[in-house]
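Please read the following report with the sequence and the model open side by side. It goes through packing, aromatic groups, backbone geometry and charged pairs in turn.

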Amino acid sequence: MNLFMNDSRAQRLLIVGDIRGFPDTSVELLDVGRFEHCALQLADLSGRPGLRGDELHDHLFNEDGILRAVRALREIDGRPSVGIGFSAGGSALWQAVKAGLDLQALICVSSTRLRFETSPLHIPTMVAWAEFDPYRPTESWNDIVPGCCKTYTGRQHDFYRIDALTPKSSLLTDIAVFVEGRASCA
């Protein structure tokens, strides 16, 4: 079953990057003709476009930056979308869905702050973790909260910086399979 319903409007991948600005707004993650890519940066969404790295992390999680990002995401037009967030970008998308952002599905890659979430979203969700990320949630969390969980063996937190740009990587293949609904998560 395809996650997308038939709709005359363009279908979109809403991509939110990490605190270091990955991916660049010009990157197209999935080479699937029916998707329009809309890549957004957390710094812009949080109202502090000049911040990167630890300063942006501090603004997001110790100030009001994540709330501003959630508000900005909720104001995005209502075209059918699947959200893909990297690290803190996935956390922002998850919180935006909880606050009313209408997505058809959500994929969060290395979004370790999700470990603080206690209940599933009302949409199909996939989370992806690096095996050696010390902040990833426990296996019991993975069994309860997300709809689908993938762990990439031998990888560190930022594995996605290479895998998301490598055609036919396991990460991109798993994302495509999930988005297209061709297989259940295993």
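## Helix H2 and its surroundings

Against which helices do the buried residues of H2 pack? In this predicted model, the buried residues of H2 pack against helix H1 (42-45), helix H3 (65-74) and helix H4 (88-98). Helix H2 itself spans residues 53-62, and its buried residues are Gly53, Leu56, His59 and Leu60. These residues cover an arc of only 130 degrees around the axis, which puts them on the same side of H2. On the other side of H2, by contrast, Asp54, Glu55 and Asn62 are exposed.

An α-helix has 3.6 residues a turn, so residues three or four places apart point the same way.

## The nonpolar cores

In soluble globular proteins, nonpolar side chains tend to be buried together. The largest nonpolar core here has 33 residues, of which Leu14, Leu42, Leu73, Leu93, Trp94, Leu103 and Leu106 touch the most other members. Two or more residues are given to this core by each of strand S1 (11-16), strand S2 (35-40), H1, H2, H3, H4, strand S4 (105-109) and strand S5 (125-130). The largest share, six residues, comes from H4.

Leu42 serves as an example of the contacts involved. When its neighbours within four places in sequence are left aside, Leu42 is in contact with Val16, Gly17, Asp18, Ile19, Leu56, Leu60, Ala69, Ala88, Gly89 and Ala92. Among these partners, Leu56 and Leu60 also belong to the buried residues of H2. There is, in addition, a second, separate core of 23 residues, which includes Ala128, Tyr160, Ala164 and Ile175.

## Aromatic groups

Across the whole structure, a search finds six aromatic pairs. In one of them, the rings of Phe159 and Tyr160 have their centres 6.4 Å apart and their planes at 75 degrees, so the pair is edge-to-face. Phe159 and Tyr160 are both buried, and they take part, with Phe22, Phe86 and Tyr152, in one aromatic cluster. Tyr160 is also one of the residues of the second core.

An arrangement between a charge and a ring involves Arg113 and Phe61, where the charged end of Arg113 sits over the ring of Phe61, 4.1 Å from the centre of that ring.

## Backbone geometry

Most residues other than glycine have a negative phi, and most peptide bonds are trans. Against that background, three places in the model deserve a careful look. The peptide bond from Phe22 to Pro23 is cis, with omega near -5 degrees, and Pro23 lies in the loop between S1 and S2. Phe22, on the other side of this bond, is a member of the aromatic cluster described above.

Ser87 and Lys168 each have a positive phi although neither is a glycine, the angle being about 55 degrees for Ser87 and about 65 degrees for Lys168. Where do they lie, and are they buried or exposed? Ser87 is found in the loop between strand S3 (81-86) and H4, and, with a relative accessible area of 14%, Ser87 is buried. Lys168 is placed in the loop between helix H6 (160-163) and helix H7 (170-180), and at 80% relative accessibility Lys168 counts as exposed.

## Salt bridges

The structure holds five salt bridges, and among them is the pair formed by the side chains of Lys98 and Glu117, which meet at 2.7 Å, N to O. Lys98 lies in helix H4 and Glu117 in the loop between S4 and S5, so the pair ties together parts that are 19 residues apart in sequence. The two partners differ in their surroundings, since Lys98 is exposed, with a relative accessible area of 54%, whereas Glu117 is buried, with a relative accessible area of 11%.

Arg68 forms another salt bridge with Asp64, the closest N and O atoms being 3.1 Å apart. Arg68, at 36% relative accessibility, counts as partly exposed, and Asp64 is likewise partly exposed, with a relative accessible area of 31%. The side chains of Glu139 and Arg136 also meet in a salt bridge, with a distance of 3.1 Å from N to O. Here Glu139 is partly exposed at a relative accessible area of 44%, and Arg136 is partly exposed at 22%.

Notes:
Residues numbered from 1 in each chain as written. Predicted model: local features only at pLDDT ≥ 70, side-chain atom pairs only at ≥ 80, totals over all residues. Heavy atoms only, no water. Buried < 20%, exposed > 50% of the residue type's maximum accessible area, 1.4 Å probe, protein only. Helix = DSSP H or I, 4+ residues; strand = E, 2+ residues; numbered from the N terminus. Arc of directions from axis to C-beta. Contact = heavy atoms within 4.5 Å. Core = buried A, V, L, I, M, F, W, Y, C linked by side-chain atoms within 4.5 Å. Phe/Tyr/Trp six-rings, centres within 6.5 Å; stacked < 30°, edge-to-face > 60°. Lys NZ or Arg CZ within 6 Å of the ring centre and 35° of its normal. Salt bridge = Lys/Arg side-chain N within 4 Å of Asp/Glu carboxyl O.
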